[in-house]
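Student: I have a model on the screen and want to know how its labels are earned. Can we go through them one by one?

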2 protein chains.
Amino acid sequence: MAYRETEKMRNRKAEARRRIIECTYGCVAGGGFRSAQITRIAACAGVATGTIYRHFESKEHLFAEVFRIATQREVDKVAEALATEGNVVTRLETALRQFADRALRGPVMAWSLIAEPVDPKVEEERLKFRRAYAQLFEQAIREGIEEDSVPDQDARQSSTCLVGAIAESLVGPLSPAQAGATEPAETNDHDPLVDSIICFCMQGLTGTRR
Amino acid sequence: MAYRETEKMRNRKAEARRRIIECTYGCVAGGGFRSAQITRIAACAGVATGTIYRHFESKEHLFAEVFRIATQREVDKVAEALATEGNVVTRLETALRQFADRALRGPVMAWSLIAEPVDPKVEEERLKFRRAYAQLFEQAIREGIEEDSVPDQDARQSSTCLVGAIAESLVGPLSPAQAGATEPAETNDHDPLVDSIICFCMQGLTGTRR
DNA sequence: ATAAGTAGTGAATCATTATTCATTCTTTGT
DNA sequence: ACAAAGAATGAATAATGATTCACTACTTAT
């Protein structure tokens, strides 16, 4: 026999795959999924278009994976905010703020994840993504109900509403039409927009204005 | 000279245009914008594909117009619910219920208007559509604040959150993946899903659980 | 060095639809 | 009836990009 896949080769392939994903991510963060054509991704990753198909079954599969990765990054941040010590209500508020702040910090990617028109396969991922957020919130709300810091309610429904309220509030400002209108260089974490979103959400949850 | 456009001709043209719009509407209500190809629309309207371009500059223009019309129908219903006599809070609740009930009644159209991936031109209309709803709610909220039945708040922001919360709550049930899961033949107006959405929304607005 | 197997290449192909436009058909005024 | 103008037609074209695949280049084991 002759050639047998070796560790070195496996690494090299993994590296190419990684680079393709990274470049796709970059394209999306720069101009949305729309701007991420195979040709451009290939050029950016320094491979031929055909090579991409050795690593991914189709463009949609590649997109779905990139979407998942981007999503995971965001969801993890929110999960982190929810996992701290302390009062459920405060943690929820921090988590909501994290969500909104991060979106405004990386508006193109956020828009792609939340609202850009995408192919059905990717849209499926989007539904999962939103469910993932909702589930985090849902869990926290349940805890809150348990410990009586949040009034009894349909936790699942409320969490869905939270996600919707934030997403909707962000769609306008994130829209490509508004590109540049919001300064992404904002180092300050206190956007009044975010404050009023959170105000509504917390009241929806707790019935208490703050 | 000879031919000069006459009333009869004007009517005939208007009728063709109307039919094209109606057929497009039908296609969308049946299978979303995705399923509304020019060929199919033309066949359904009993005209040649080229004829469509005598009435509309492009497919996107046609879609945008159909979107506007479909939208207007929905928005009007909500506006109607808001225009009745009586307490602002009650009217808002009725309006929210109207929104959700109608969506569940015509799930494919609702999904197309709220969440189906569409071309940029149509997406623009969608943003307007959501703003239109929000503005109706915003106005009502202002009235409520005025008459002290609703606590003081950022009416614009709250209204956006309302739209988001409802839309998000509906996206799951309306998704084509869920097609048929919800019986559209529901003659009864009391879907528990709708109740819990509204419960969250009203509390977000008024701080009062009901 | 050689052979066998695998990865990479990218121009060519395919697929999908919207759109065009040369031609035909209708309407209208004389 | 005829000519002028417009409307309708729909097969052909265009445009966009994803995907393929015959070929080349590289890796490995002997």
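Tutor: Start with what lining means: a residue lines a pocket if it has an atom within 4 Å of one of the pocket's grid points. Helices are DSSP runs of at least four residues, numbered from the N terminus. Keep in mind that this is a predicted model.

Student: Which elements supply at least two residues each of the lining of the second largest pocket?

Tutor: Helix 8 and helix 9 (192–206) of chain A do, together with helix 7 and helix 8 of chain B. Helix 7 of chain B gives the largest share, six residues.

Student: What is the volume of the second largest pocket, and which residues are closest to its centre?

Tutor: The volume is about 440 Å³. Of the 20 lining residues, A:Val171, A:Gly172, A:Pro173, B:Arg131 and B:Arg156 are the closest to the centre. The lining divides into six nonpolar, seven polar and seven charged residues. Gly counts as polar in that scheme.

Student: What makes a space a cavity rather than a pocket?

Tutor: In a cavity a 1.4 Å probe fits but cannot get out, whereas a pocket is an open set. Four cavities of 30 Å³ or more are found in the structure. The largest cavity holds about 330 Å³ of space. It is lined by 25 residues, and those closest to its centre are A:Ile114, A:Ala115, A:Arg130, B:Ile114 and B:Arg130. Helix 7 (120–146) and helix 8 (155–174) of chain A, with helix 7 (120–146) and helix 8 (155–174) of chain B, each give two or more residues to that lining.

Student: How many residues of the lining of the largest cavity are nonpolar, polar or charged?

Tutor: There are 13 nonpolar, two polar and ten charged.

Student: Now the aromatics. Why is the pair of A:Phe33 and A:Phe67 called stacked?

Tutor: Check the two cut-offs. Ring centres must lie within 6.5 Å, and planes under 30 degrees apart count as stacked. A:Phe33 and A:Phe67 are 6.0 Å centre to centre, with 20° between the planes. Both tests are passed, so the pair is stacked.

Student: What does the pair of A:Phe33 and A:Phe67 tie together?

Tutor: A:Phe33 lies in the loop between helix 1 and helix 2 (38–45) of chain A, and A:Phe67 in helix 4 (residues 59–82) of chain A, so the pair ties together parts that are 34 residues apart in sequence.

Student: How do you know whether A:Phe33 and A:Phe67 are buried or exposed?

Tutor: Buried means under 20% relative accessible area. A:Phe33 has 5%, so it is buried. A:Phe67 has 1%, so it is buried.

Student: How do you know that A:Phe99 and A:Tyr133 are stacked?

Tutor: Their rings are 4.4 Å centre to centre, with 20° between the planes. That meets the cut-offs of 6.5 Å and 30 degrees, so the pair counts as stacked. A:Phe99 lies in helix 5 (residues 88–105) of chain A and A:Tyr133 in helix 7 of chain A, so this pair ties together parts that are 34 residues apart in sequence. Both A:Phe99 and A:Tyr133 are buried.

Student: Which residues form one aromatic cluster?

Tutor: A:Phe33, A:Phe63, A:Phe67, A:Phe99, A:Phe129 and A:Tyr133 do. Over all chains, the structure holds ten aromatic pairs.

Student: What makes A:Tyr53 a polar contact of DNA strand D?

Tutor: A polar contact is a pair of N or O atoms within 3.5 Å. An N or O atom in the side chain of A:Tyr53 is 2.6 Å from a phosphate oxygen of DNA strand D. That is within the limit, so the label holds. A polar side-chain atom of A:Lys8 also lies 3.3 Å from a phosphate oxygen of the strand. A:Lys59 uses a polar backbone atom, 2.9 Å from a phosphate oxygen of DNA strand D.

Student: Which parts of DNA strand D lie within 4 Å of the protein?

Tutor: Of those atoms, 69% belong to sugar or phosphate and the rest to bases. The strand is surrounded by 25 residues, with A:Ala2, A:Thr6, A:Tyr53, B:Lys13 and B:Thr51 the closest. Helix 3 of chain B gives the largest share of the surface near the strand, five residues.

Student: Why is A:Asp148 called exposed?

Tutor: Exposed means over 50% relative accessible area. A:Asp148 has 68%, so it counts as exposed. Its place is in the loop between helix 7 and helix 8 of chain A. A:Asp148 is not a glycine, yet its phi is positive, about 65°.

Methods: Residues numbered from 1 in each chain as written. Chains lettered and ligands numbered in written order. Predicted model: local features only at pLDDT ≥ 70, side-chain atom pairs only at ≥ 80, totals over all residues. Heavy atoms only, no water. 1 Å grid on protein atoms, 1.4 Å probe; cavity = no way out; pocket = protein on both sides within 12 Å on 5 of 7 lines; lining within 4 Å. Points joined across faces, edges and corners; volume = space filled by probe spheres on them. Near = heavy atom within 4 Å. Polar contact = N/O pair within 3.5 Å; in protein donor to acceptor, adjacent residues only side chain to side chain. Phe/Tyr/Trp six-rings, centres within 6.5 Å; stacked < 30°, edge-to-face > 60°. Buried < 20%, exposed > 50% of the residue type's maximum accessible area, 1.4 Å probe, protein only.
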